[in-house]
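The exercises below are meant to be worked with the sequence and the model side by side. Please try each task before reading the solution that follows it.

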Amino acid sequence: MAGSRIKLELSRVVQGESRLGVLKGLGRTGQHCLEVPGCLLYSHLGTVPHLTQDTLHTLKNIPAVTQVTLSSVAEHQEVLQEFKGGFKKFAGLHDTVVYCSLHDPAALCPPGYTTNKTVSVWGSGGRIELTVAKFMAIQKTIQPDWYQSMADGETWQSNTSRKRLRKSVDRTLAHLDECLTIHQNSQDLQGVEVFGVVEGGDILEERARSARETAKRPVAGFCLDGFQTGSMDQTLRTQLIKAIAKELPEDKPRLLQGVGRPDEVLACVEAGVDLFEGFFPFQVTERGCALSFSFDISLDPERAGRAPPAVLELNDDETCRAGEGQPNGEVTDGDQTQMTSFEINLKDKRYHDDFRPLVEGCGCYCCVNHQRAYLHHLLVTNELLAGVLLMIHNTAHYIGFFSTLREALANDKLDLLKRRQVILIATSFSVTVTPDGFESAALSHLGMESKHPRVKINMTLIWLQE
Amino acid sequence: MSLKKTLCVASPLTLRIVAECPVTKARACDLILPHSAVSTPVFMPVGTQGTLKGITVDQLDGLGCQICLGNTYHLGMRPGPDLIEKANGLHGFMNWKKNLLTDSGGFQMVSLVELSEVNEEGVKFKSPYDGKEILLSPEKSISIQNSLGSDIMMQLDDVVSSTVTGPRVEEAMHRSIRWLDRCIAANKNPDKQNLFAIIQGGLNADLRKACLDEMTQRNVPGFAIGGLSGGEEKDDFWRMVTLSTDHLPREKPRYLMGVGYAVDLVVCVALGCDMFDCVFPTRTARFGSALVPWGSLQVKHKQYAKDFQPIDPDCPCPTCKRHSRAYLHALFKSDTSAMHHITIHNIAYQLTLMRSVRQSIVDGRFPEFIRSFMKQMFPSPDQYPSWAVDALASVNVTLE
């Protein structure tokens with residue numbers, strides 16, 4: 001596939017790792033672009049969960065790329081075949097770039113169903129087994145703008161054997177080669193881009209090998225698989241991604257699968273990731289929560305050490321969370337469905353008569369038109385509108401976070417953004433941890449090597465307030 | 001001094017009759033309410049708990065809705081009148097800028113009959129959420145509705161299922177009159193909120209007539225026809241409707257409660273009704289049933305999996321402009337938004353139907369409209385429901 005139309009134009013590379021730029025030449029006519037670091041628009045069968053096109057378009061700066069998953073589309077292969085016009089037209093989508101991934105990042109697959117020649121996805125009617133031939137046949141009916149090649153990524157569980165990890169790398173490379181052969185001989189897939197998938201679990205050598213080999217193939221970019229939230233801690237993830245990045249060409253994009261939490265996003269950007277799947281706002285919505293973490297970096301740096309209002313509020317939320325019987329303690333890397341410190345739980349009684357918007361200053365439809373008390377009521381009464389409004393807000397907030405992330409990279413303010421994240425993480429530690437414990441635990445969580453004096457002061461302040 | 005008083009207490013409701021059908025009893029009116037004008041005949045979507053299920057107020061406004069419903073019993077339980085009052089009434093709480101009509105909680109006496117007990121004081125409900133007992137009296141219902149701040153409030157009536165017969169029906173009718181008087185006395189905001197009476201009497205013409213005679217003596221801005229649309233025979237249903245409109249004042253709006261099927265709407269407009277509400281269009285939407293001029297379409301059925309047409313090619317709603325039956329069929333397996341698409345379409349269908357009805361009355365061609373509507377809805381004249389044929393005949397419209 002000589003001369004891929006997708007071009008990554010980097011404007012900055014910070015400390016040899018974090019990249020800032022624009023992914024250009026997206027879409028059939030090459031007219032779309034996506035700023036990186038950036039996120040994709042998460043969808044169920046092309047629809048952003050809970051939203052119609054009208055409610056979706058209340059959002060500004062919608063990501064230019066919509067992610068569609070084979071797990072939602074595969075069962076409709078026959079319908080798409082008869083339709084003949086491709087998935088975008090079938091779904092009545094707006095003018096967007098369609099990227100087709102194998103799995104849904106918000107839905108973990110049961111392990112044990114991959115073979116040498118097949119992987120499986122789960123649709124509404126059950127398991128669908130895919131050979132490369134079937135995989136490619138479906139891609140032809142979907143006609144995406146770009147897709148990830150078929151991959152064996154069943155390695156996100158801890159304690160996967162070295163042998164199994166090696167197999168996942170080998171199989172994935174074999175699948176890629178087969179995909180590319182079919183792709184190059186297919187008229188239907190002219191102009192469609194393919195991303196290779198880097199596997200290898202938690203073994204550095206396998207990761208490097210997978211990256212090195214995949215980079216030899218004519219792919220337009222790279223998906224990094226097996227790093228899903230919960231599969232490993234951030235330190236290891238950072239280490240492995242850095243090792244992978246060394247083997248990959250600088251001018252092709254890297255898409256990290258299954259990672260969406262803001263603190264993990266930050267750390268992974270620093271390790272060299274360009275694109276993220278945008279499923280985190282959906283997960284927050286499903287648990288009746290609203291993203292509320294502050295990412296405002298326009299503060300006077302001298303004041304950055306003092307706990308801003310957003311953090312104090314988070315403090316209150318943490319104490320109430322304890323009252324609900326949830327573990328008041330570790331920032332869990334585990335269960336993706338568990339509430340994080342980046343959100344408020346609107347079902348809580350405290351919001352019953354809170355007439356403020358979800359987030360002060362947020363310009364989304366929900367915050368402009370509605371109040372926390374109303375969202376609380378909708379959640380308590382199980383009303384469908386809760387999902388609609390929360391999805392709008394959470395998506396807007398997340399898009400805003402990425403925008404700020406890019407701004408921070410452009411203006412050398414990444415540290416400021418990280419500091420805000422550290423404050424957030426610190427507040428969710430148990431009160432019995434000493435101030436020193438706060439600091440070192442928090443810093444190591446983010447993979448920060450140096451101790452920053454201002455951060456320490458801030459921790460002490462919080463401690464005293466307790 | 002008294003002149004000044006009269007000028008200050010403006011009526012929160014004005015009905016302007018724009019056209020009257022010379023053949024049937026139908027009217028087209030402009031109903032001026034505190035938040036906006038409403039064109040009648042009108043279908044009012046139901047947003048029971050301060051929301052239309054899955055639809056934003058902007059979407060509802062975009063469909064041309066000028067008035068929708070909230071429910072006193074449900075909102076009185078959660079989140080409660082005090083909270084809503086703090087939020088600037090139900091309008092403020094849900095951020096709906098047009099009109100609201102609140103039902104009194106009376107219907108829940110029938111729909112939640114296992115949980116309720118009626119006496120002269122009021123209705124005792126056992127809350128399904130915490131087992132607490134609450135007494136919904138006329139005073140309490142009006143007090144809640146005053147806090148909700150709806151443009152139209154309904155009296156608390158003693159509601160009996162339309163399939164009940166015997167002395168209970170008469171008891172309920174008389175009690176509803178007494179409760180109407182208590183409601184009128186309890187209304188704190190007569191200058192901002194309109195209290196409608198509800199005619200009861202079951203399927204008994206004498207009882208209905210007695211109720212009409214009494215209630216029309218009260219100075220209320222509008223009347224509802226209640227106690228129907230509950231499973232009774234359609235032959236009895238239409239006769240009670242037309243009896244009621246025969247004896248209701250011309251210059252006040254007539255609200256037929258709980259009516260929402262397309263055929264029922266068209267016939268009851270011909271019988272003289274102006275306003276309607278029903279959960280059916282929005283509820284059936286969530287089950288994948290899309291309303292169309294020729295009946296309904298079960299989008300979830302296999303036959304639509306490869307049907308690439310919109311639900312109704314002639315429908316201008318956002319759903320039909322963008323999506324096919326096949327996509328919606330597939331979407332039902334993937335995301336809740338499928339329900340929202342159908343809900344929007346069904347509301348659009350209902351509102352468009354009423355708009356067409358109104359226009360035909362204004363243009364003086366309502367009987368022709370009825371005939372062509374029935375032709376579209378039923379495959380052949382021998383399939384026309386006999387009750388509809390009879391009802392229309394009673395107002396001088398003969399179908400083939």
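**Exercise 1.** Decide whether Asn71(B) is buried or exposed, and then find where it sits and what it touches.

Solution. Start with the accessible area: Asn71(B) has a relative accessible area of 6%, and it counts as buried because buried means under 20% relative accessible area, exposed over 50% and partly exposed in between, with a 1.4 Å probe and protein chains only. This is a predicted model, in which local features need pLDDT of at least 70 and side-chain atom pairs count only at pLDDT 80 or more, while totals for chains, interfaces and linings use all residues. Residues are numbered from 1 along each chain as its sequence is written, chains are lettered from A and ligands numbered from 1 in the order in which they are written, and side-chain values use heavy atoms, with hydrogens and water left out.

Next, locate the residue: Asn71(B) belongs to strand 5 of chain B, residues 67-71, where helices (H or I, at least four residues) and strands (E, at least two) are DSSP runs numbered from the N terminus. Finally, list its contacts (heavy atoms within 4.5 Å): leaving aside residues up to four places away in sequence, Asn71(B) touches Thr48(B), Gly76(B), Asp103(B) and Gln108(B).

**Exercise 2.** Follow the contact to Asp103(B), and describe the positions that UniProt lists with it.

Solution. The unreviewed UniProt entry gives a "binding site" at Asp103(B), Ser104(B), Gly105(B), Gly106(B), Phe107(B), Asp157(B), Gln200(B) and Gly227(B); UniProt positions are given in the numbering used here, feature names are shortened, and annotations may be inferred rather than shown by experiment. Take Asp103(B) to begin with: it is found in strand 6 of chain B, residues 99-103, and is buried at 12% relative accessibility. Not counting residues up to four places away in sequence, its contacts include Gly70(B), Asn71(B), Thr72(B) and Met257(B).

Then turn to Asp157(B), which is found in the loop between strand 10 (152-154) and helix 8 (167-186) of chain B and is buried at 4% relative accessibility. Beyond residues up to four places away in sequence, Asp157(B) touches several residues, among them Ser104(B), Gly106(B) and Gln200(B).

**Exercise 3.** Find which other residues of chain B UniProt lists for "binding site", and examine how they are placed in space.

Solution. The unreviewed entry lists Cys315(B), Cys317(B), Cys320(B) and His345(B). Although these are spread over 31 residues of sequence, they cluster in space, with a largest C-alpha distance of 8.3 Å. Cys315(B) lies in the loop between strand 16 (295-298) and helix 13 (318-322) of chain B and is buried at 11% relative accessible area, whereas Cys320(B) is found in helix 13 of chain B and is buried at 7%. With residues up to four places away in sequence left out, Cys315(B) touches Cys320(B) and His345(B), and the contacts of Cys320(B) include Pro310(B), Ile311(B) and His345(B).

**Exercise 4.** Count the disulfides over all chains.

Solution. A disulfide is a covalent bond between the sulfur atoms of two cysteines. Here a pair of cysteine sulfur atoms within 2.5 Å is required, and the count comes to 0 over all chains. For Cys39(A), the nearest cysteine sulfur belongs to Cys268(A) and is 14 Å away; Cys39(A) is buried, at 8% relative accessible area. For Cys65(B), the nearest cysteine sulfur is that of Cys68(B), 5.1 Å away, and Cys65(B) is buried at 1%.

**Exercise 5.** Describe the open sheet of chain A, starting from the order of its strands.

Solution. The sheet has 9 strands in the order 4-14-13-12-11-10-7-6-5, with parallel pairing, where two strands pair if DSSP finds at least two bridges between them. Its edge strands are strand 4 (38-39) and strand 5 (41-42) of chain A, each of which pairs on one side only. Within the sheet, strand 13 (residues 254-256) and strand 14 (residues 275-276) of chain A run parallel and are joined by 2 bridges, and Leu256(A) stands opposite Phe276(A) in strand 14 of chain A.
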